[in-house]
Amino acid sequence: MTATAEPELGRPRKRKEDARLITGRTRWTDNMVLPGMLHLAVLRSPAAHARIASIDTERARRMPGVRAVLTGRDIADEQGSLPCAWPITEDMLAPQAPSLAVDAVHFAGEAVAVVAARSDAEAHDALDAIDVDYDDLPVVLDITAAAAADSPLVHEELGTNRSATWTFDSAEAGTGGDVERALADAEVRVDRTFRQQRLIPAFMEPRSVVVDPTGEQFTMWSATQVPHILRLMLAMTLGVPEHQVRVIAPDVGGGFGGKLQVTPEEIIAFLLARRLGVPVKWTETRSETMVAAHHGRDQVQRLSLSARRDGTVTGLKVELLADMGAYLRLVTPGVPILGAFMFNGIYKFPAYRFSCTNVFTNKTPTDAYRGAGRPEATFGIERMMDELAAELGMDPMELRRKNWIERDEFPFDTVSGLTYDSGDYAAATDKAMQLLGYDELRAEQAERARRGATVRLGIGISTFTEMCGLAPSRVLGSLSYGAGGWEHAAIRVLPTGKVEVVTGVSPHGQGHETAWSQIVADRLGIPFEDIAVLHGDTQSSPKGLDTYGSRSLAVGGMAVVAAADKVIDKARKIAAHLMECAEDDVEFTEGRFGVRGTDRATALGEVALAAFAAHDLPDGVEPSLDADATFDPENFSFPHGTHLCAVEVDTETGRVRIRKYACVDDVGAVVNPLIVEGQVHGGLAQGIAQALFEEAVYDEGGTLTTATLADYLVPSAVDLPEYVTDRTETRATSNALGVKGVGEAGTIASTPAVVNAVVDALRPFGVTDVEMPCSPQRVWRAVTGARASGATAPESGGGMGSMTQGGPR
């Protein structure tokens, strides 16, 4: 980079990745075609809970093109149990989780047999020739019913449907007072029960896996977020030496947590390839995604909040029931626990207690989905702050200002045991209110109420923070998580002066190749175009912990920075030797080493060539210019922001229309504004989708009735509003760049903003909650139900100051 070059950090670079992705000039897993490759098709149980009485595969074996048909019994001795890496308590109950069911099935969609054939069509045709007899067992679907002592059991051998109960109490932890005392002494108490509906990740690329058993290694290509973790878990589950397994995640078409998994199909494909000695491929259909890929959310939240009459909060109690589905997948039990540290949000609660009971049901297993525990927590506390404001007759924004952490109070030790390092909630809020036109919309809202308009205006608020950068390792260890939180990177300066960056994080749409190039370009003074980023292959990138939890930049990016600094340190020694000066006299600026006080200088590329030639190196210096680094942060990062949503609600039809959405996020220092904006927009789409559109629904027999994209309502661009977005910046203190994280922010903040807006519009009618998604039918029923109960007060205005129906419940 020359002295006049524009710095890369903060520059809105178009993504390097986009050209090949948009034009299709890339290789997805399903594009893989290997010599002699067979195709897999999976037979899935239509029953939600049943014993497998018999499986007849003889007709299928004789079908054209079929090479093998396997049942669970055929691989019972070698398939092991799918791994769960997060035993949240010492007494946590976890059933065996075979990739291919052996004796019984526990959810509709569980794999019971597989066919390997020469073509995908032949494999699927053969599925129809497999006859399975099931003996039905009682089906358990409701979380609350499943948690009851007299409930039928999902897994008889466990003797209960309760997997574990995890508790945090501020009085016991020494981080705050006794919440029961706070609730008992409360001048005002609000009790609410909220439901987090079950969601299905809708990534663009379906899950896919190819396994090649030829050669000295097993090579697996998989559409996964976690190639390094997958490699380790394959070795541990199947007893294969880890060095004989290579996992490659090529370009991956989205994940959102939905590909953070060791899947049954990856295990089955590996075992079948090993057994047959030929490559095998499996790519799921969309309907398979819906029933067999893990789901997200699905909680019942019981919250109690205490406060003084002036609005000062004094205590918060959270009791969760979390639906695990039929099995514990990779991090299933820990997902709701992540929310334990976020229910207090940005507020100064003196007392807090969190308790979560994880429960088994006969539904598809749940696991991480965009935000993983943090969206659920933010929804709970932001809904409760609105409910408290209504109870007190306060403007909901005024109530938040009264209780949030002020800028000069950072770093702040929260009641849940975290230390927030930086933030400025007032700055983000003031800017968001200006962008929305908050005061003008409040005036319009009151005017509509005065004239008894049938289409009411509601304004929703979500002032949030989140814990990002899933690390540090010691904290994860204290939570019994089965891995660390560090990340690894390597930088190689080639003899030609070009640079290769090897990263342990594995992108699936986030823009790592672009952002990492920008970081290294500024750090080393190398042109952006001369930097290549390698990722997603456990052979070329042998160390890493992959991508999830908004950790890529705050952890993986900092490993890149550390590796670049090591390169500079090594190059300085060589440059000093070449220029015949003391190392302390060498300065490094914009890609060149110079001798202080002179005009002698040499470029980093020249040093790299000298290191490669090794004709004249200092004693003890190896002939290469590369470096490895591992970064393990001391703290999480804490992005925050204020999201405001204005909706119009037709009280006669229940239709909700987002009129305006404005948000201001603080994600610390920004590497690439275009990438940040894209991440915010994508997150908003998914958070709004939970509020208004998406829900996985089962019938009484355990069949998923929203099993296609015709039934499961994923919004398109025409269903979503224009967003008005902006940023403020308070730098993180936990890393050298001051970055925080952005991948999950939009999802975490937007859901409560939208639902608060809907309830705000309907509060004059006595409505205090609308269960998500806030469909026209549910909104209409809420209004008509409130009217039937006699709670209607349409002349009472809306938003601030309106009272809840019947007070706290």
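**Exercise 1. Work out the order of the strands in the open sheet of four strands, and find which of them are the edge strands.**

In this predicted model, the open sheet of four strands runs in the order β18-β26-β27-β28, and its pairing is mixed. The next step is to look for strands that pair on one side only, and these are the edge strands β18 (455–465) and β28 (723–727). As for orientation, neighbouring strands of this sheet are turned against each other by 10° on average, when direction is ignored.

**Exercise 2. Describe how strand β26 and strand β27 pair, and state which helix packs on the sheet.**

Begin with the two strands themselves: β26 (residues 640–650) and β27 (residues 656–666) pair in the antiparallel sense, over 10 bridges. One position shows this pairing at the level of residues, since H640 stands opposite D666 in β27. Then turn to the helix, which is α20; α20 packs on the sheet and touches β18, β26 and β27, while its direction makes about 145° with that of β18.

**Exercise 3. Decide how helix α11 and helix α20 lie relative to each other, and describe their contact.**

First take the geometry: α11 (residues 374–392) and α20 (residues 745–762) pack at an angle of about 30°, and their axes are 8 Å apart. Angles under 35 degrees count as roughly parallel, and the two helices are therefore roughly parallel to each other. The crossing of α11 and α20 is, in addition, right-handed.

Next take the residues: on the side of α11 the contact is formed by R374, P375, T378, F379, E382, R383, D386 and E387, which meet I748, T751, P752, V755, N756 and V759 in α20. Sorted by class, this contact of α11 with α20 has six nonpolar, three polar and five charged residues.

**Exercise 4. Establish whether the residues on the two faces of strand β12 are buried or exposed, and identify the partners of K281.**

As a starting point, recall that in a regular strand the side chains alternate between the two faces of the sheet. In β12 (residues 280–283), V280 and W282 lie on one side and K281 and T283 on the other, and all of these residues are buried, so that both faces of the strand are covered.

For the partners, consider each pairing in turn. Strand β1 (residues 38–44) pairs with β12 in the parallel sense over two bridges, and here K281 is the bridge partner of H39. Strand β9 (residues 208–212), by contrast, pairs with β12 in the antiparallel sense over four bridges, and in this case V210 stands opposite K281.

Notes
Residues numbered from 1 in each chain as written. Predicted model: local features only at pLDDT ≥ 70, side-chain atom pairs only at ≥ 80, totals over all residues. Heavy atoms only, no water. Axes fitted to C-alpha atoms, helices over the stretch in contact; angles between N-to-C directions. Parallel < 35°, antiparallel > 145°, perpendicular 65-115°, else oblique. Left-handed = near helix turned anticlockwise from the far one by under 90°. Contact = heavy atoms within 4.5 Å. Nonpolar A, V, L, I, M, F, W, Y, C, P; charged D, E, K, R; others polar. Pairing = 2+ DSSP bridges. Buried < 20%, exposed > 50% of the residue type's maximum accessible area, 1.4 Å probe, protein only.
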